[in-house]
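Work through the following exercises with the sequence and the coordinates side by side. Each task is followed by a solution in steps.

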Amino acid sequence: MIALDIMEILENTYGLNGIAVLIVKSDSGHEYVVSIDGETANAWCSCPYYTFRKSACKHIMFALNNVDFKRLKNMRDKLENLRSGCLTIDELMGGGFPYGIPTAITGLPSVGKTWLAVMLGVANIKKTGMDSIYIDTEGNREKDILSIAYKLANRYELPKEEIDKHFKIISTMDDPMKESLEVLCNLFGYDVSLELSSNGKYSVTFAPLKVLPIRKHLENATYLVIDSLTTPLKESIGHETQNLPARSSIVNRIYGRLLKLSKVYNLCSVITHHVSINPVNLRDLGRPYGGDAIIYHSKYILQILPPDKKAKEKFGDEARRVQLIRRPDVKTDFEKYPVRLKLDYGFTDE
């Protein structure tokens, strides 16, 4: 018999995307994140047992007995969308990027994820007149990011002063005494501690902070992007398979907190991810670095792809392709659509 009665729910979040995120204190004393999809009742956990076996663990069994499915299924009644201005992308996303729910944008480095993230930030300022928060984890210069925003301001007919006033950049690379991952987790209310064993395996421990630092930036905000989640994970934990549980645990924590913030502040929130490609499989389009936890938590996932021959014939060197990976109200056909990443203009169908 599994002693479910001595476990404890420390925190739970019911997201507009129909996913419940529960932090479970196990009978072992460790804390794990269990996520439950209200539409399918599928559940996943950050514990090592589930991460490697992909089968229900005792934490999932406990969480399923303590989640309000009726409440979860009623969360997605009505969503408002933020349109990027690229018709192909907006139609794939069901009319735009939803407020109140995190969206994942995936793709290889330099394919245009940052451009789309900044595009949405500028479009949000145009739509709402409120702040767009850009969390930079990759060490981009603030000047370079703002340069993109200024160029896009012309497209959205915004004066430069509106960008200066409402486009806010937070860098996780400014503190030389802290790693980017530590700063990012601090922003979302966790003090994270990584311990490396003699066999090269990381264990991760979280301590909730008494304050949630990111909240002070959100009082006047309606858009938030983390660009990207990949870089701090790679810097701190690496890519070894044995460290999947540690990476998964961090992804679960950040997504869990972002789900709640997106709902409370009605944020259009975006997380960008690099994808890893199997070099021996020429047809492999890549999977987000960080594993299945990213796919599980993101009800909306858009992937940006390099061009094929047909896309290049249409748009030349500015050609890209986009593919819908996941959206809750449609069955994804994984068709790839050509778009243009136009110089100094952003993604467009023209």
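**Exercise 1: a salt bridge and its surroundings**

In this predicted model, the side chains of Glu 80 and Lys 127 meet in a salt bridge, with 3.3 Å from N to O. Locate both partners along the chain, and decide whether Glu 80 is buried or exposed, or in between.

Solution. Begin with position: Glu 80 sits in the loop between α3 (69-73) and β5 (81-82), while Lys 127 belongs to helix α5 (residues 113-128), so that the pair links distant parts of the chain, 47 residues apart. Next take accessibility: Glu 80 has a relative accessible area of 42% and is therefore partly exposed, since that class lies between 20% and 50%. Lys 127, at 41%, likewise counts as partly exposed.

**Exercise 2: a buried partner**

Find the residue with which Glu 11 forms a salt bridge, and establish how that partner is classed by accessibility.

Solution. The partner is Arg 257, the closest N and O atoms being 3.5 Å apart. Glu 11 lies in strand β1 (residues 8-14) and Arg 257 in helix α11, 246 residues apart. Because its relative accessible area is 11%, Arg 257 is buried, the limit being under 20%. Finally, Lys 260 joins Glu 11 and Arg 257 in a network of salt bridges.

**Exercise 3: the largest pocket**

Which element gives the most to the lining of the largest pocket?

Solution. The pocket holds about 410 Å³ of space, and 16 residues line it, with His 30, Glu 31, Tyr 32, Ser 203 and Val 204 closest to its centre. At least two lining residues come from each of β3 (31-37), β11 (202-208) and α11 (244-265); β11 gives the most, with 5 residues.

How values were computed: Residues are numbered from 1 along each chain as its sequence is written. This is a predicted model: local features need pLDDT of at least 70, side-chain atom pairs count only at pLDDT 80 or more; totals for chains, interfaces and linings use all residues. Side-chain values use heavy atoms; hydrogens and water are left out. On a 1 Å grid over the protein atoms alone, a cavity is a set of points where a 1.4 Å probe fits but cannot get out, and a pocket is an open set with protein on both sides within 12 Å along at least five of seven lines; lining residues have an atom within 4 Å of a point. Grid points are joined across faces, edges and corners, and a volume is the space filled by probe spheres set on the points. Helices (H or I, at least four residues) and strands (E, at least two) are DSSP runs, numbered from the N terminus. A salt bridge is a side-chain nitrogen of Lys or Arg within 4 Å of a carboxyl oxygen of Asp or Glu. Buried means under 20% relative accessible area, exposed over 50%, partly exposed in between (1.4 Å probe, protein chains only).
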